[in-house]
Amino acid sequence: MKHLKRILVSLLAGIIAFSAVYFNLLSMVDKSAEDVLYHKSSGTMGQIRIIKIDDKTMNELGDISTWDRSVYTKLLDTLCVSEEIRPAVVGFDILLSSEKDEKTDKEFSEACKKYNNVVCGFSYVFSKELQEDENGNLTENSMTVKEKVLPYKELRDVVDIGFVNALMDNDDSFIRSSFLSFDETEAVTTKSFSMKVYEKYMESQGATISFPQSGVMDFRYSGKSGDYENVSLVDVLDGTVPANAFDDCIVLVGAYAAGMMDSYFVPVDRSSQMFGVEIHANVIQAIIEGKTLESVSPVIDALICAIIIAIITFACWNLSVVKTIIVCLSVAIIKLLVGLLLFNQGFTMNVLTVPVLAIVIAIVYIAVHYYKARTAKRSIEKAFSKYVAPQVVKEIAKDGTYELKLGGENRDIAVLFVDIRGFTPLSESLEPEQVVDILNGYLELTTRCIFRHGGTLDKFVGDATMAVFNSPFDTEDYIYKAILTAWDIVQGGNKIEKEFTERYGKNVGFGVGVNCGPAVVGNIGCDFRMDYTAIGDTVNTAARLEANAPRGNVYISQAVRDALGDRITVEDVGEIPLKGKSKGIFVYTVTGVNGYVSPEEE
């Protein structure tokens, strides 16, 4: 039962983490974080080269829409010099669908048949349609094939074809996945352009074809835009770039001009778009090198995150602020590093939930810590202030720990004692409630007067009150302030004496003693019970002065008289013996205080 609350809070945190991961609540920002942290270019294959249809090409040959197929025929003839010098595969990432010129169309298809290393792209046009599932429920299918934009008939009869449709993420339209195949109907499955190029290349190398069996592949990019070796189409046609530069390579021909509207956002470089032909290059390399990504099961991913968060929540319950920050930040960093390691091994899992919740836990615990500390401080100050002066509370709490330590220091102080004259017989003649009323009125008066002049209320001893001045910190003109306090008490005592006389028919008067000199001030006692007080001969003398002072009189020592001079008026009492002292001391009674202002006059 001791840790029940701690366990319940930890379980709740774990449930929140599980839900966040399982229901993918941070989907968009999580993918963005994975892009920034993990998707890095790792180096492109030299065997993949791009022949780009760029602005330079169209400036010389005209807009691509005006070309006949002789341009592509010439390109193939230029690249395929002989059986020994020729590309392994030439992929045209452009739609050669309409018949343009019968002669040049036929020449291009014959060239493709002759070299037998060409893959052409086609495009699906999808539409959304309502379909009835096995249970008779209507569902929306956004991948319903409306039509296919295929290469012209003579060409598609002699080349391999694959669809070039991009697979954009529904959340932010970034391309992180690629089609490998698509079930056009239950009986017809087609392969993507990248997949067809890959197969053609592996056949030319005599290698075994191995690829993911699913229709969609998540993959890691190998290069950013411009990283793959690329040359302008016209530079190949005019011989500026020799044909042997493409020997036994995968050659991709595609759009490389912004006006051709074939560019997309990709995770490897979120600041700029990548041309479609470069995306195909990355996909092909990912298939060849096995740079596929497999998502960890949502249930396993969610359980891992839930366990981590629950452990953090439990472990940080009683830790200090610094240790909590260290633990939470360490877990967040370790989780990100483990995520990077898994990503490089071909696995993806939730990126942000653990780091975000770890930071939230740290913030919450820090806030709770300071709330508790503030509440405790207020509670302690409130409790302490009932017994000691606010100055003592501040001194004890100035380092924020409220740690009380035994020990003291030598200080010059002024000490004031005051008590009720004839309290014992008075208490015997009154009801207990009446005695308490008189005591409360008297103690309230003495405390108010002490605090008014910056004194420290040391303690109540029965019907006596002890106060010190110039402790625990230095107080300016502290001896004079002790006399002002004594005079305040006497003047206030005259007033409440009348009240108590009228109320209970009893006279209540005060005797006050003030002394000054060196004393030991600090926490006196033992580890489990201590008292902030002053001890020494100066204190004892002040107590003896008060014991000898008649009702309504303030007795002071020679030391006080010498310190204040003409700031007070006094009458000689003479030398009187004091209990516990071998010699008597000369005593004065205060008859006036120069500069005194009563509370009513302030």
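Let's start with the lining of the largest cavity. By class, it has 5 nonpolar, 3 polar and 2 charged residues. Bear in mind that this is a predicted model. The residues around that space are Glu34, Tyr38, Lys335, Gly339, Phe343, Phe347, Thr348, Met349, Asn350 and Val351. The space itself comes to about 50 Å³. How many cavities of 30 Å³ or more does the structure hold? The count is 1.

Which elements build the wall? Helix 2, helix 11 and strand 15 each supply at least two residues of the cavity lining. Helix 11 has the largest share, with 3 residues.

Stay with two of those lining residues, Tyr38 and Phe343. There are 22 aromatic pairs in the model. In one of them, the rings of tyrosine 38 and phenylalanine 343 have centres 5.6 Å apart and planes at 35 degrees. Why call the pair tilted? An angle under 30 degrees would be stacked and one over 60 edge-to-face; at 35 degrees, this pair is therefore tilted. Tyrosine 38 sits in helix 2 and phenylalanine 343 in helix 11 (residues 321-344), so the pair ties together parts 305 residues apart in sequence. Both tyrosine 38 and phenylalanine 343 are buried.

Now a second pair. Tyrosine 72 and phenylalanine 108 are also tilted, at 5.8 Å centre to centre and 50 degrees between the planes. Tyrosine 72 belongs to helix 4 (residues 70-79) and phenylalanine 108 to helix 5 (residues 102-115), so here the parts tied together are 36 residues apart in sequence. Buried or exposed, tyrosine 72? Buried: its relative accessibility is 3%, and the cut-off for buried is under 20%. Phenylalanine 108 is buried too, with a relative accessible area of 0%.

Aromatics also gather in a group. Phe122, Tyr124, Phe126, Phe163, Phe179 and Phe182 form one aromatic cluster.

Then there are charges over rings. Arginine 6 lies over the face of phenylalanine 314, 4.0 Å from the ring centre. Arginine 561 puts its charged end over the ring of tyrosine 588, at 6.0 Å from the centre.

On to the pockets. The largest has a volume of about 850 Å³. It is lined by 39 residues, and the closest to its centre are Asp93, Leu95, Val164, Asp262 and Tyr264. Strand 2 (89-95), strand 3 (118-132), strand 6, helix 7 (193-205) and helix 9 (276-289) each give two or more residues to that lining. Which gives the most? Helix 9, with 4 residues. By class, the lining of the largest pocket has 21 nonpolar, 13 polar and 5 charged residues.

Look at strand 2, one of those contributors. Strand 2 is mostly covered, with 6 of its 7 residues buried. What does strand 2 pair with? With strand 11 (residues 250-255), the pairing is parallel over 5 bridges. There, valine 90 has valine 251 as its bridge partner. With strand 3, the pairing is again parallel, over 4 bridges. Leucine 95 has its bridge partner in strand 3 at glycine 121. Leu95 is also among the residues closest to the centre of the largest pocket.

The second largest pocket comes to about 630 Å³. Its lining has 26 residues, with Asn24, Lys31, Asp218, Ser295 and Thr348 nearest the centre. Thr348 also lines the largest cavity. Helix 1 (4-22), helix 2 (27-38), strand 9, strand 14 and helix 10 (298-315) each supply at least two lining residues. Helix 2 gives the most, with 4 residues. The classes here are 11 nonpolar, 8 polar and 7 charged.

That brings in a sheet. It is open, has 4 strands in the order 6-9-14-15, and its pairing is mixed. Which strands form the edges? Strand 6 (177-179) and strand 15 (347-348), each pairing on one side only. Inside the order, strand 9 (residues 216-219) and strand 14 (residues 292-295) pair in the antiparallel sense over 2 bridges. Phenylalanine 219 has threonine 292, in strand 14, as its bridge partner.

One last link back to the start. Strand 15, an edge strand of this sheet, supplies at least two residues to the lining of the largest cavity.

How values were computed:
Residues are numbered from 1 along each chain as its sequence is written. This is a predicted model: local features need pLDDT of at least 70, side-chain atom pairs count only at pLDDT 80 or more; totals for chains, interfaces and linings use all residues. Side-chain values use heavy atoms; hydrogens and water are left out. Two strands pair if DSSP finds at least two bridges between them. On a 1 Å grid over the protein atoms alone, a cavity is a set of points where a 1.4 Å probe fits but cannot get out, and a pocket is an open set with protein on both sides within 12 Å along at least five of seven lines; lining residues have an atom within 4 Å of a point. Grid points are joined across faces, edges and corners, and a volume is the space filled by probe spheres set on the points. Ala, Val, Leu, Ile, Met, Phe, Trp, Tyr, Cys and Pro count as nonpolar, Asp, Glu, Lys and Arg as charged, and the others, Gly among them, as polar. Rings of Phe, Tyr and Trp (its six-membered ring) pair if their centres lie within 6.5 Å; planes under 30 degrees apart count as stacked, over 60 as edge-to-face and the rest as tilted. Buried means under 20% relative accessible area, exposed over 50%, partly exposed in between (1.4 Å probe, protein chains only). A charge sits over a ring if NZ of Lys or CZ of Arg is within 6 Å of the ring centre and within 35 degrees of the ring normal.
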